Amino acid sequence: MTKNPPETSRRNAFLHAHPWFAPQASAAELGSGQPVLLLDDTSGLLRSVSAMLNAAGVPAVIGETDPQRLPARLSEQGCGVLLVDASLPELEPEVLLARLSAEQPDLPVIVLTEAHDPEAAMRCLQAGAFDFLVKPVDRTRLLASVGRALEIRGLKHELASLTQTMLDDRLDHPEAFARLIAQDRSMRAACRYIEAIAPLSQPVLITGETGTGRKLLAQALHAVSGRPGACVMVEVGGMDERRFAETLFGHRPGLHAEAGQPQEGRIGAAADGTLVLLEVGELAPAAQQLLLNLLQERSFSPVGSGIVQECRARIVAISRHDLAHQADSGRLRKDLYYRLRAHHVHVPPLRSRRGDVPLLVEHFVARAVEALGKGDVHIPAELYSLLRNHDFPGNVAELEAMAYDAVASHRSGGTLGLASFRHCVSSTPDALPPPPPVQSLSQLFPDRLPTLKEAEAFLVAEALRRADNNQGIAAGLLGLTRQALNKRLVRGRQSSSH
């Protein structure tokens, strides 16, 4: 991917200079890569409009004098915004607007009218015009109208792209998500959303528990974006103001006794790529202010230097905390929170997508077998029953560690043993707090109290159901030995036969 050409850079400057654009919006995102077209038969108006837009950073302003050639011109060349002089001879603006609304509904049309004809302007608005300007055209009014037209057109394109992406289960760049082993609908939706927003430049907030694959999603976002710079990750949790500034912005030589050379910050290392800030919800308040300034101004100064540098990297923030709650409680600046979550992706925990566990087990076991040279290893079906009842507080990272530990302790070939998995499951603290204790049996049994035999039969049947009829796993769920459970099963069968 090549850097923006000079005309695109000037166009970006125009977009950034006006407050009616979304933060960090680029010309390509807003649909402004095409020229502004003026339909008018006088060269004077074209010169004045071109001069005003050129000075604001929009170099591509072209003219057309014949309304009959307009459809062909739009088809061949395209147009970002169309300016139409309503006083053209033999031109019926309402007819033209009706045709454009039918054939190019996304094209914003701004009509130029005479000061003494407000009724004509109203008819044009009713026919579908985006706006009208009174001649002679005021510079401020022209720039504001063209800017709003570009912004709204870009937002419509973005919404259409996101809608189509979310409705389509297919990924256009599956290779970027190859390391994310998932078939769960929520994870697939997260990947599709990442793919849809990848070409944009606004910040992205990725939330989720540790070990869910947040970093992998950030790397996939960078890969799909096609940005020429690097994907740089920085752990910013707990950083104070000075450390945050030195790490991200860099510092000049001589600031520290040991610093003989200028130290480039991580923003500079990311350049035109992606800067990923890990655990941004744990930043100190003063550091939060620095990050907010960076997002607002898109510029920074190295510590000890007064030279202002542009931040060209896209910012991706990762947090294991609920940042909305932190913003409400005052631990995170609300203005920073809303800046960070221009786009938000939440990665679900593994316990919420248990259907992915078999895929992940097979993937991690295969990788461990290859890495450790263990030969062909068979995964017993009992393993999936065992893991089905585990909450995975460490999420995918915990499952990966389980698989490597089991393969490492296994002899080459044959069926993979369950002892290592059982030990991990039994010794891992629950990720979620235990349910509140039952204060009264009437809460569980509001009507008839079951007998001990009935309660025992119910618990045994439920444990076997959860364990896929694996008696060893069911016994563990009940806190019994396998022999004790077997005795109860035999006793239950004998009772039912009498």
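Which residues in H9 are buried? They are Phe-244, Ala-245, Glu-246, Leu-248 and Phe-249, and the model they come from is a predicted one. The close-ups below begin with this helix.

**View 1. Helix H9 and what covers it.** H9 spans residues 241-249. Several elements help to cover its buried residues, including S7, S10, H10 and H11. Strand S8 (250-251) and strand S11 (299-300) are also part of that cover. Just after H9 comes Gly-250, with a positive phi near 80°.

**View 2. The largest nonpolar core.** This core holds 32 residues, and the ones that touch the most other members are Val-236, Phe-244, Leu-248, Leu-275 and Leu-291. Two or more residues each come from strand S7 (231-235), strand S10 (274-278), strand S13 (314-319) and helices H9, H10 (266-270), H11 (285-297), H12 (323-329) and H13 (334-340). H11 gives the largest share, with 6 residues. Zoom in on Leu-291: leaving aside residues up to four places away in sequence, Leu-291 touches Phe-244, Leu-277, Val-280, Leu-283, Leu-336 and Leu-340. As a bit of background, nonpolar side chains tend to be buried together in soluble globular proteins.

**View 3. An open sheet of 5 strands.** Read across the sheet and the order is S7-S10-S13-S6-S14, with parallel pairing. S7 and strand S14 (343-346) sit at the edges with a single partner strand each, so one side of each has no neighbour in the sheet. On average, and ignoring direction, neighbouring strands here are turned by 20° against each other. Look next at strand S6 (residues 204-207), which pairs with S14 over 4 bridges in the parallel sense. In that pairing, Thr-207 stands opposite His-346 of S14. Helix H7 packs on this sheet and touches S6, S13 and S14. The direction of H7 makes about 155° with that of S14.

**View 4. Helices H7 and H8 side by side.** Here helix H7 (residues 185-197) packs with helix H8 (residues 214-225) at an angle of about 35°, and their axes are 8 Å apart. The crossing is right-handed. From H7, the contact uses Cys-191, Ile-194, Glu-195 and Ile-197. H8 answers with Leu-217, Ala-220, Leu-221 and Val-224. Sorted by kind, the contact residues of H7 with H8 come to 7 nonpolar, no polar and 1 charged.

**View 5. Strand S1 between S2 and S3.** Strand S1 (residues 36-39) runs parallel to strand S2 (residues 61-64), joined by 4 bridges. Leu-38 has Gly-63 of S2 as its bridge partner. S1 also pairs with strand S3 (residues 81-85), again in the parallel sense and over 4 bridges. There, Leu-37 stands opposite Leu-82. Both faces of S1 are covered: Val-36 and Leu-38 are buried on one side, Leu-37 and Leu-39 on the other.

**View 6. From S3 on to S4.** S3 and S4 run parallel and are joined by 4 bridges. Val-84 is matched with its bridge partner Val-111 in S4. Strand S4 (residues 109-113) is mostly covered, with 5 of its 5 residues buried. Val-109, Val-111 and Thr-113 lie on one side of S4, while Ile-110 and Leu-112 lie on the other, and both faces are covered.

Definitions and conventions. Residues numbered from 1 in each chain as written. Predicted model: local features only at pLDDT ≥ 70, side-chain atom pairs only at ≥ 80, totals over all residues. Heavy atoms only, no water. Buried < 20%, exposed > 50% of the residue type's maximum accessible area, 1.4 Å probe, protein only. Pairing = 2+ DSSP bridges. Core = buried A, V, L, I, M, F, W, Y, C linked by side-chain atoms within 4.5 Å. Contact = heavy atoms within 4.5 Å. Axes fitted to C-alpha atoms, helices over the stretch in contact; angles between N-to-C directions. Left-handed = near helix turned anticlockwise from the far one by under 90°. Nonpolar A, V, L, I, M, F, W, Y, C, P; charged D, E, K, R; others polar.
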